[in-house]
Amino acid sequence: MIDKPQNGFDIEGICRENKQQGIVYFNLHIGVILDDSSRELILIIQDVTREFILKQKYVQSANDSYLLLNRIMETNAYINELIHSMADSLFVTTFSGVIKQVNHAAEKLFGYEQKQLIGQPISLIIPDVKVLEQIRIKSDDLNTNYPWEEKRGKYLEVNCRTNTGKDIVV
């Protein structure tokens, strides 16, 4: 660099092992100072160990998150496939009763398309507010002892309404 017209260069992320500190990362900056009568070489060594370790942890964390997200998406796709292939009608709702998901059997039985039901209250299908309130109260308590379990296991006959307004018992 002293003999040639190059003014400087940088080498970043040099890794060396130090017996006291372990692995050390540093950047090397080399430059030339031009004077009327001479050229002088300047070396700057910058310790970037902490930054490199944080960057590696960040990259590892991002990779772990990506893998976890992929697993969640695969599981979700599997669950959705199970739901949509079930022969029984199924509605998935929020705790407040808003329909989040509907399977094909429910669409067929009640005469709605999925897009007509998503975001709607379950009371569109089950107009009996008393039954819905019983279910909501028991769901809020996270109690599995529903009032109808003593009578016939875990089944309850509910009056439902189809898209055409016809009442059916489910």
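Is Leu28 buried or exposed? Leu28 is buried, with a relative accessible area of 17%; buried denotes under 20% relative accessible area, exposed over 50%, and partly exposed the range in between, with a 1.4 Å probe and protein chains only. The tour returns to this residue below.

**Before selecting anything**

The model is predicted, and local features therefore need pLDDT of at least 70, side-chain atom pairs count only at pLDDT 80 or more, and totals for chains, interfaces and linings use all residues. Residues are numbered from 1 along each chain as its sequence is written, and side-chain values use heavy atoms, with hydrogens and water left out.

**Stop 1: the whole chain**

Display the chain as a cartoon. The chain contains five helices and seven strands, in the order β-β-β-α-β-β-α-α-α-α-β-β from the N terminus. Helices (H or I, at least four residues) and strands (E, at least two) are DSSP runs, numbered from the N terminus. Of the 170 residues, 19% count as buried. The accessible surface is about 13,100 Å², and carbon and sulfur atoms hold 54% of that area; the values come from the Shrake-Rupley method with a 1.4 Å probe, and for residues only the protein chains shown count as cover. Among contacts with a separation of 6 or more, 27% link residues 24 or more positions apart, a contact being heavy atoms within 4.5 Å.

**Stop 2: strands S1, S2 and S3**

Select residues 8–18 and 22–34, which are strands S1 and S2. The two run antiparallel and are joined by nine bridges; strands pair if DSSP finds at least two bridges between them. Three residues lie between S1 and S2 in their hairpin. For one facing position, pick Asp10, which stands opposite His29 in S2.

Now add residues 39–47, strand S3. S2 and S3 are also paired in the antiparallel sense, over nine bridges, and a hairpin of four residues joins them. Here Ile30 stands opposite Leu43 in S3.

Return to Leu28, which lies in S2. Leaving aside neighbours within four places in sequence, Leu28 contacts Phe9, Asp10, Ile11, Ile14, Ile44 and Ile45. A distance label between the C-alpha atoms of Leu28 and Gly13 should read 8.4 Å, for residues 15 apart along the chain.

**Stop 3: a nonpolar surface patch**

Select Ile33, Ile42 and Ile44 and show their surface. Together they form a nonpolar patch with about 230 Å² of accessible area. Patches are made of residues with over 30% relative accessible area and no salt bridge, like charges being joined within 9 Å and nonpolar side chains (Val, Leu, Ile, Met, Phe, Trp, Tyr) within 5 Å. Ile33 belongs to strand S2 and is partly exposed, at a relative accessible area of 41%.

**Stop 4: strands S4 and S5**

Move to residues 91–93, strand S4, which pairs with S5 in the antiparallel sense over three bridges. Thr93 stands opposite Ile99 in S5. Five residues separate the two strands in a hairpin, and Gly97 in the turn has a positive phi of about 95 degrees.

**Stop 5: the largest nonpolar core**

Which residues of the largest nonpolar core touch the most other members? Select Phe110, Leu117, Ile122, Ile125, Ile126 and Cys160, which do so within a core of 14 residues. Strand S5 (99–102), helix H2 (104–110) and helix H4 (129–141) each supply at least two residues of this core. Such a core is a set of buried Ala, Val, Leu, Ile, Met, Phe, Trp, Tyr and Cys residues joined through side-chain atoms within 4.5 Å.

Centre the view on Cys160. Not counting residues up to four places away in sequence, Cys160 touches Phe110, Ile125, Ile126, Pro127, Lys166, Asp167, Ile168 and Val170.

**Stop 6: the salt bridges**

Side chains of opposite charge can pair when their charged atoms come close. The structure holds two salt bridges, each a side-chain nitrogen of Lys or Arg within 4 Å of a carboxyl oxygen of Asp or Glu.

- Arg161 and Asp167: the closest N and O atoms are 3.1 Å apart, and Arg161 is partly exposed at 34% relative accessible area.
- Lys115 and Glu113: the N to O distance is 3.7 Å; Lys115 is exposed at 69%, whereas Glu113 is partly exposed at 44%.

Finally, select Asp128 in the loop between helix H3 (114–117) and H4. Asp128 is partly exposed, with a relative accessible area of 33%. The C-alpha atoms of Asp128 and Arg161 are separated by 9.8 Å, with their positions 33 residues apart along the chain counted as the separation.
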